Amino acid sequence: MSEDKGRFLVVSNRLPVTLSFNEKKWEAKSSSGGLVKALNPVLKNRGGFWIGWPGTFENLKIPAMKEILGPLSKKSGYRFLPVVLTEEDIEQFYYGFSNSVLWPLFHDFQTRCNFSPEYWEGYMRTNEKFAKVVLGHSSDKDFIWVNDYQLIPLGSMLLEKNPKLNSSFFLHIPFPSVDVFMKLPWRKEILHQLTCYSLVCFQTLRDRRNFMDCIKTFYPKAVVYGRGHVIKVNVGDRTFLAGSLPISIDYKHYSSLSSSSNVAKRAKQIREEIHGEKIILGVDRLDYSKGIPEKLKGFQRCLESHPEIREKITLFQLVIPSRDTISEYQDLRKEIELLISEINGRYSTTRWTPIIWRHGTLPESELYSVYRASDIAMVTSLKDGMNLVCKEYCASKGKESGVLILSEFAGAALQLSRGALLVNPYDINDLSETIYQAYTMDEQEKKIRMRSMRESIRRQDVFWWVENFLRAATGKKLEDYPEQEIPSLWPGLFAIRKKYYKGAV
Ligand code: GDG
């Protein structure tokens, strides 16, 4: 497709690679995380850019950028465009407003918010930096897809500079109820910024309903047209679309990866290595929204109430390091370590340790071997936009069946309610009894439940999500963005450098 037909621009807080400068050499490491996994297969070989912060404060000069990001772009099939940020930006925009205001508030943890005005200033200033890079590389024909809560103001900034730009927004985290949203000192600004996108899309109908309640509160004359997953909203001088679409995974890829002989062999090995008859798996980013302590307490209660399962079940908890400079995250890690040590100290025997845990990441094939080896997966988020781990677990289950225990408060619960055992993670007895139910479930029931979940995830995979998002936003399909060369970096980059950075890039 030629440039004037429009290209695909994805913007997110982070690039899918993290750059670092060690011993006079640039290094690049692929980032993990839900969004990267979801969008990689979509952007591949379709031209366009991924714009985001590369994770470094080093002075990233153009030759270095070319040297390190060039080959990576070639490999990935799209161009990486870094946004240069300072330590102060990251402090105020990322750790500050994004993760100490929006993240806790939107996950219903109002008391964890730090509504510091400096954070808001840093948030707006940093979004301006993103806007400059996007403006330097986009034309009216391009489709600009902005992702997540770190970049809510971006659409309004783009619109201000070029009213013809078409940008759409997907919120990966939940949208809170109006009572919670009202607490935000910048509630009017944030809501206004969301209305500046052509399409503002949420994970679930529940999130969109919350958003629409806020719209009705702040724009009492708002008019809504249509019903279903995408509706049209008029708020006086602007009309935009509001949608709900559950993000998903590349089901086929993960399903076939899990049935490969390597994964099967490794899964068998893991089963032999982890003593105990059954394995319960937890895979969570280190975050208070994921309900890791609740899961541990539920497991402990189950060991207490059903002593017959001792030595027969092992909880394997994988904790992915995250936001580790925020003190609350450090405290959470300590709380988890303490709980695990208490439980293991109390119930371990010479031949069995109830909880095995790991703080770190695994290579993809190892993660899928662990999924495949596990009898039960347990997701106990106190609130979660979607949760991809539970979908990946189901995709990994081919011949072997498995049971999914899933929090009612994860977006995925709305989609997987027929197959998963839903739990209220705040209810320790519910957690304990659901673990026991999963442990004792017969093969026939496991198969029926798992089949229903796999089928739903297969039908609504990540390509379905992208197709529907694109169709809602532009009326185009993914195939309208056909295979093409990686776009050139230089014209736009030089323009930005001249205009805004004066040598900073
Ligand atoms: C946000 C929202 C929403 C984990 N450990 C390893 C590893 N992972 C991968 C998983 C999964 C991803 O990280 C985690 O995704 P989640 O969806 O569970 O959670 P968040 O990171 O909080 O994502 C969430 C998501 O955005 C997408 O919209 O679902 O609600 O909070 O894909 O596989 N990957 C590898 N090794 C690991 O050790 N390779």
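How do the residues of the lining of the largest cavity divide into nonpolar, polar and charged, and how many fall in each class? In this predicted model, the lining holds 2 nonpolar, 3 polar and 4 charged residues. The residues concerned are Pro174, Thr204, Arg206, Asp207, Lys383, Asp384, Gly385, Phe409 and Gly411. The space inside the largest cavity amounts to about 40 Å³, and the search of the whole structure returned 3 cavities of 30 Å³ or more. The largest cavity lies between domain 1 (3-247 + 461-500) and domain 2 (251-459), because both domains give residues to its lining.

The ligand is surrounded by 24 residues, of which His172, Leu362, Asp384, Leu388 and Glu392 come nearest. By class, this shell comprises 11 nonpolar, 7 polar and 6 charged residues. Domain 1 and domain 2 each supply at least three residues to the shell.

Three side chains place polar atoms by oxygen atoms of the ligand. For Arg285, an N or O atom of the side chain is 2.9 Å from a ligand oxygen. The corresponding distance is 3.1 Å for a polar side-chain atom of Gln203 and 3.0 Å for one of Lys290. Of the 730 Å² of accessible area that the ligand has on its own, 92% is covered by the protein. Two or more shell residues come from each of α1 (34-43), β12 (278-285), β13 (313-320), α13 (364-373) and α14 (389-396). The element that gives the most is α13, with 3 residues.

Technical notes: Residues numbered from 1 in each chain as written. Predicted model: local features only at pLDDT ≥ 70, side-chain atom pairs only at ≥ 80, totals over all residues. Heavy atoms only, no water. Near = heavy atom within 4 Å. Polar contact = N/O pair within 3.5 Å; in protein donor to acceptor, adjacent residues only side chain to side chain. Areas by Shrake-Rupley, 256 points an atom, 1.4 Å probe, with all protein chains shown as cover. Helix = DSSP H or I, 4+ residues; strand = E, 2+ residues; numbered from the N terminus. Nonpolar A, V, L, I, M, F, W, Y, C, P; charged D, E, K, R; others polar. Domains from an automatic or database assignment. 1 Å grid on protein atoms, 1.4 Å probe; cavity = no way out; pocket = protein on both sides within 12 Å on 5 of 7 lines; lining within 4 Å. Points joined across faces, edges and corners; volume = space filled by probe spheres on them.
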